[in-house]
Amino acid sequence: MEAALVAFMRLPSPPAPPSLFCSPDSKPGKSTGAPKIYTRTGDQGFSSTFTGERRAKDDQVFDALGSLDELSSAVGLSAEFGSESGHTFVEELHKVQCMLQDAGSNVATPVSSARESHMKRTSFSEKPVLELESWIDKYSDQLPPLASFILPSGGKSSAALHLSRAVCRRAERRVVPLVKTGEADANVAKYLNR
């Protein structure tokens, strides 16, 4: 994903209308009957994984989830600035946010405490990695070869993409130990690496 963000920040303008929801069934303004925003279950410094396992809030899983959440927020900001500037890749950024939700689901389901049903529901395939690679190739073909480092600047849209790239690198560093221990799918780390 890092390389995709670099390609996006080097592209010129005009927009595609963004979709702000990952599910085609989601509708703006439609109540989903969501529970309260606070639960008080983490007041003692513990939180639950998707499998129901309680872990300390400073556990590697929650550190990685926090970085993925921060990355999705940074990508969302990049999409907003990109939309304002009329960039064509805004739809891809929204899709990246949806994929980050799926990556987070995988990370929130440590293999050591997951049942087969959990793992089926939260698996992360190679398909999003391949899709990112095709975007990188498509956008890279439209650009001159990169001959030097790019300083984090170039307008709000470009600067926001630089921030997203930096947060992405940290998220990857947080996910890699989970992949090494077999707790998360290697495709999550590959996705972040792209």
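Is E131 buried, partly exposed or exposed? Keep that one in mind for a moment, everyone, and I'll come to the answer shortly. Thanks for having me. What we have on screen is a predicted model, and I'd like to walk you through its salt bridges and its helix packing.

Let me start with the overall layout. The protein chain has seven helices and two strands. Reading from the N terminus, the order is α-β-β-α-α-α-α-α-α. There are 194 residues in the protein chain, and 39% of them count as buried. If you take the contacts between residues at least 6 apart in sequence, 76% of them join residues at least 24 apart.

Now, back to E131. At a relative accessibility of 24%, E131 is partly exposed, because the buried class stops under 20% and the exposed class begins over 50%. E131 has a partner, too: it makes a salt bridge with K95, and the closest N and O atoms are 2.9 Å apart. E131 sits in helix 5, residues 127–140, while K95 sits in helix 3, residues 90–107, so this pair ties together parts that are 36 residues apart in sequence. K95 is partly exposed as well, with a relative accessible area of 37%.

That brings us to the two helices themselves. Helix 3 and helix 5 pack at an angle of about 160 degrees, and their axes are 12 Å apart. Helix 3 is therefore roughly antiparallel to helix 5. Their crossing is left-handed. On the helix 3 side, the contact is made by E92, K95, V96 and M99, and on the helix 5 side by P128, E131, L132, W135, K138 and Y139. Sorted by class, this contact of helix 3 with helix 5 has six nonpolar residues, four charged ones and no polar ones.

Let's move to another helix pair. At what angle do helix 2 and helix 6 pack? The angle is about 160 degrees, with the axes of helix 2, residues 60–85, and helix 6 lying 8 Å apart. So helix 2 runs roughly antiparallel to helix 6. The crossing of helix 2 and helix 6 is left-handed. By class, their contact has 16 nonpolar, seven polar and five charged residues.

For the last part, I'd like to return to charges. As a reminder, side chains of opposite charge can pair when their charged atoms come close. The structure holds eight salt bridges. Which residues are linked with R55 in a network of salt bridges? They are E53, D59 and E183.

Let's take that network bond by bond. R55 meets D59 in a salt bridge with an N to O distance of 3.1 Å. R55 is buried, at a relative accessible area of 12%, whereas D59 is partly exposed, at 22%. R55 also forms a salt bridge with E183, where the closest N and O atoms are 3.2 Å apart. This second pair links distant parts of the chain: R55 is in strand 2, residues 54–56, and E183 is in the loop between helix 6 (156–180) and helix 7 (186–193), 128 residues apart. Both E183 and R55 are buried.

If you'd like to look at the two sites side by side, bring up the K95 and E131 pair, with both residues partly exposed, and then the R55 and E183 pair, with both residues buried. Thanks, and I'm happy to take questions.

Key
Residues are numbered from 1 along each chain as its sequence is written. This is a predicted model: local features need pLDDT of at least 70, side-chain atom pairs count only at pLDDT 80 or more; totals for chains, interfaces and linings use all residues. Side-chain values use heavy atoms; hydrogens and water are left out. A salt bridge is a side-chain nitrogen of Lys or Arg within 4 Å of a carboxyl oxygen of Asp or Glu. Buried means under 20% relative accessible area, exposed over 50%, partly exposed in between (1.4 Å probe, protein chains only). Helices (H or I, at least four residues) and strands (E, at least two) are DSSP runs, numbered from the N terminus. Axes are lines fitted to C-alpha atoms, for helices over the stretch in contact, and angles run from 0 to 180 degrees between N-to-C directions. Angles under 35 degrees count as roughly parallel, over 145 as roughly antiparallel, 65 to 115 as roughly perpendicular and the rest as oblique. A crossing is left-handed if the near helix is turned anticlockwise from the far one by less than a right angle, and right-handed if clockwise. Contact means heavy atoms within 4.5 Å. Ala, Val, Leu, Ile, Met, Phe, Trp, Tyr, Cys and Pro count as nonpolar, Asp, Glu, Lys and Arg as charged, and the others, Gly among them, as polar.
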